[in-house]
Amino acid sequence: MKNVVMIDGQSLTIDKVLEVSRFGHQVELSQEAKDKVIKARKFVDEIVDSKKVVYGITTGFGKFSDVIISREETKDLQRNLIISHSCGIGNPFSEEIVRAIMLLRVNNMAKGHSGVQPATIDTLIQMLNMGVHPIIPEKGSLGASGDLAPLSHMVLVMIGLGEAIYKGVRMEGAKAMAEAGIPVIELTSKEGLALINGTQVMTAVGTITAYEAIQLVKLSDISASMTVEALKGITDAFDPRLHMVRPHQGQIDTAANMLRILEGSGLTTKQGEIRVQDAYTLRCIPQIHGASKDALNYVIERINIEINAVTDNPILFPDDGVVFSGGNFHGQPMALPFDFLGIALAEVANVSERRIERLVNPQLSGLPAFLTPHGGLHSGFMIAQYAAAALVSENKILAHPASVDSIPSSANQEDHVSMGTIAARKAKEILFNAQNVVAIELLCAAQAIDFADASLLGKGTKAAYDVIRASVSKIEEDRVMNVDFNKIYDIIKTNQILTSVEKVLGTLKV
């Protein structure tokens, strides 16, 4: 029996998005949603029959909103809209992101405020279920009148144009649809606009990034715990009493995670045993990681609203017999959170790189220089720190907010735009860099622990160490380091370390 995610326009979650986009679950529209879609479409037909002037239904778009379109011209209007707006630039989004885009668009229209034909939604669902994935270029969206350009490339395949990937092969859209046995459609009044006027591209990218960010912030607590042990760090700084008097939730949760991960450790110390206090990158882990967690939780709240929202224009209210031309397509409510997400992830990488420096620097660690037993002849982790430093430096550039920029468009009709899709894409790139920095910290910490006694590790760190050492052995002599980096990145992406730790400790807090 196939796994199915039921779409009703109001109960989609981040996890369900990943079930469809990453794990290939099937999609089905609920009967309640079908009824709403039928009612909304009937309302559109009534507007067209009455020749009422309504933006996007019987008028042109953007600056052409004052141009009246006849009933006979509506199909040409919608087709021309898709063709002219297919202005994407650059490399295509991954199939995973394309699936998330399509799913979010289905969920948006399932709420019954968009006015598309039931067959149009069904076509998108069939494409998801059969694995027809349009080629959607990454760049070209201002994130204000929705993600017009990228979403147009999605629709091209629905009408037999553009390109798609089907069964791993890139081909013409019409061929992909034919091979999958899905009829192409002819758009009619309101449909083209309903399919492309929304925030589904930025939200899809941001949703998948946030999903992986949840895993990364927990993993960063694990990598930090291993570093604390490698450096004989002081655990008093994680005492819950300390954090209850400054009760930021992320800070409290991080301190609790650290103590759980380090439980039973014979490598950590108490204040005064070796030194009175640690450097900030160890002592302030709850405050630093916790702030990023608080930011992430804010972003997750915004995502959960947006993935179940109506974001096109105009928006129909069939029960009230009214249509509003508003601004729900504007990406600003997501642009700021996605900028915030990028900044939060950049900080996870920043502090991780500083812990790497403490591990490899003999003046700070008391360990062999660059964690090699044969310094001089061998360089050990010397350039590993360089690589981490390069990634965090790149992140500092990427973390500049996209949302502070705006360029007027459509002859100044659309005179403030969000750049939210750029913000989401930047956050995704920052995530990739941060994952790799944490991978390097995990490798360095494991190497440093091997100069002590791994049997004395804490409950959680021992589970993490064992997963690392199952993939990468201790470095005795120099070898090609990026091979090791890639191995750890792969087990980060597949959550092997986190799964192993949580199997021992239970779910860590975010």
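In which loop is the place of Asn495? In this predicted model, Asn495 is placed in the loop between α19 and α20, where it adopts a positive phi of about 60° although it is not a glycine. With a relative accessibility of 18%, Asn495 counts as buried, because the limit for that class is under 20%. A second non-glycine residue with a positive phi of about 60° is Lys51, which lies in the loop between α2 (31-50) and α3 (74-85). Lys51, in contrast, counts as exposed, at 72% relative accessibility. Most residues other than glycine have a negative phi, and most peptide bonds are trans. With regard to the peptide bonds, Asn313 and Pro314 are joined by a cis bond, for which omega is about -5°, and Pro314 belongs to the loop between α13 and β8 (315-317).

Asn495 also takes part in the lining of an internal cavity. The model contains 2 cavities of 30 Å³ or more, and the largest cavity has a volume of about 110 Å³. This cavity is lined by 13 residues, of which Glu212, Gln215, Ile492, Lys493 and Asn495 are the closest to its centre. At least two lining residues come from each of α9, α19 (481-493) and α20, and α9 makes the greatest contribution, with 5 residues. By residue class, the lining of the largest cavity comprises 7 nonpolar, 3 polar and 3 charged residues.

The second largest cavity encloses about 30 Å³ of space and is lined by Leu104, Asn108, Gln200, Thr203, Glu306, Ile307 and Ala309. Here α4 (95-109) and α9 each provide at least two of the lining residues, so that α9 is represented at least twice in the lining of this cavity, as it is in that of the largest cavity. The lining of the second largest cavity divides into 3 nonpolar residues, 3 polar residues and 1 charged residue.

Two helices were examined for their span. Helix α11, which covers residues 249-261, has 13 residues that should span 18 Å at 1.5 Å a residue, and its end C-alpha atoms are indeed 18 Å apart, in agreement with that expectation. Its buried residues are Gly250, Gln251, Ile252, Asp253, Thr254, Ala255, Asn257, Met258 and Ile261, and these pack against α9 (200-230), α10 (240-244), α13 (285-306), α18 (459-471) and α20 (496-505). Helix α17, with 30 residues at positions 420-449, reaches 43 Å from its first C-alpha to its last, which is close to the 44 Å expected at 1.5 Å a residue. Of the 30 residues of α17, 25 are buried, so this helix is largely enclosed by the rest of the structure.

Several buried side chains carrying a hydroxyl were considered individually, beginning with Ser141. Ser141 is placed in the loop between β5 (137-139) and α6 (148-158), and its relative accessible area of 8% puts it among the buried residues, since that class lies under 20%. The side chain of Ser141 forms a polar contact of 2.6 Å with the side chain of Asp147, and a polar atom of the Ser141 side chain lies 3.1 Å from the backbone nitrogen of Gly143. When neighbours within four places in sequence are left aside, the contacts of Ser141 are with Gly146, Asp147, Pro150, Thr421 and Ile422.

Thr269 occupies the loop between α11 and α12 (280-283) and counts as buried at 6% relative accessibility. Its side chain reaches the backbone oxygen of Lys232 at 2.9 Å, and Lys232 is also one of the residues in contact with Thr269 beyond four places in sequence, together with Gly233, Ile234, Thr235, Asp236 and Ile274. The C-alpha atom of Thr269 is separated by 76 Å from that of Lys52, a residue 217 positions away along the chain.

Thr120, finally, is found in helix α5, residues 118-130, and is buried, with a relative accessible area of 1%. Apart from residues up to four places away in sequence, Thr120 touches Met158, Ile185, Glu191 and Leu195.

Technical notes:
Residues are numbered from 1 along each chain as its sequence is written. This is a predicted model: local features need pLDDT of at least 70, side-chain atom pairs count only at pLDDT 80 or more; totals for chains, interfaces and linings use all residues. Side-chain values use heavy atoms; hydrogens and water are left out. Helices (H or I, at least four residues) and strands (E, at least two) are DSSP runs, numbered from the N terminus. Buried means under 20% relative accessible area, exposed over 50%, partly exposed in between (1.4 Å probe, protein chains only). A polar contact is a pair of N or O atoms within 3.5 Å; within protein, one must be able to donate a hydrogen and the other to accept it, and residues adjacent in sequence count only if both atoms are side-chain atoms. Contact means heavy atoms within 4.5 Å. The expected span of a helix is 1.5 Å times one less than its number of residues. On a 1 Å grid over the protein atoms alone, a cavity is a set of points where a 1.4 Å probe fits but cannot get out, and a pocket is an open set with protein on both sides within 12 Å along at least five of seven lines; lining residues have an atom within 4 Å of a point. Grid points are joined across faces, edges and corners, and a volume is the space filled by probe spheres set on the points. Ala, Val, Leu, Ile, Met, Phe, Trp, Tyr, Cys and Pro count as nonpolar, Asp, Glu, Lys and Arg as charged, and the others, Gly among them, as polar.
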